[in-house]
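These are my comments on the model, as numbered points. Please read them with the coordinates open.

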Amino acid sequence: MNIAEGYGKRTEADGSRSYDIGRGSAHECGAIWDVAKLLGLLDEAQYLNGKTLLHRIVSMLVRMTAP
């Protein structure tokens, strides 16, 4: 949602801020994913696939917020 919001902002600085917030949200999702694994809600393949996707998302958002 933060990516969509950032895309719709009028200024680059406002868009960058939304992408930065999205990066923080992706890190929060990573923590939730870790807890889900610890609780046995995910098998190893699901866990690794999710972590890979989150890593790709965070990497993308870092590039989008770089000056």
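1. The buried residues of helix H2 are Gly15, Ser18, Tyr19, Gly22, Ala26, Gly30 and Ala36. This is a predicted model, and the points below should be read accordingly.

2. Those buried H2 residues pack against two elements, helix H1 (2-7) and helix H3.

3. H2 itself covers residues 12-38. With 27 residues at 1.5 Å a residue, a span of 39 Å is expected, and the end C-alpha atoms are 39 Å apart, so the two values agree. Just after H2, glycine 40 has a positive phi of about 80°.

4. Is serine 18 buried or exposed? Its relative accessible area is 4%, so serine 18 counts as buried, the cut-off being under 20%. Leaving aside residues up to four places away in sequence, serine 18 touches Asn2, Glu5, Gly6 and Lys9.

5. Lysine 51 belongs to helix H3, which runs over residues 44-65. Its relative accessibility is 28%, so lysine 51 is classed as partly exposed; that class lies between the 20% and 50% cut-offs.

6. Which residues does lysine 51 touch, not counting those up to four places away in sequence? They are Gly30, Trp33 and Asp34. One of these, Gly30, is also among the buried residues of H2.

7. A C-alpha distance can be added for lysine 51: its C-alpha atom and that of cysteine 29 are separated by 9.4 Å. Along the chain, lysine 51 and cysteine 29 are 22 residues apart.

Note on methods:
Residues numbered from 1 in each chain as written. Predicted model: local features only at pLDDT ≥ 70, side-chain atom pairs only at ≥ 80, totals over all residues. Heavy atoms only, no water. Helix = DSSP H or I, 4+ residues; strand = E, 2+ residues; numbered from the N terminus. Buried < 20%, exposed > 50% of the residue type's maximum accessible area, 1.4 Å probe, protein only. Contact = heavy atoms within 4.5 Å. Expected span 1.5 Å × (residues − 1).
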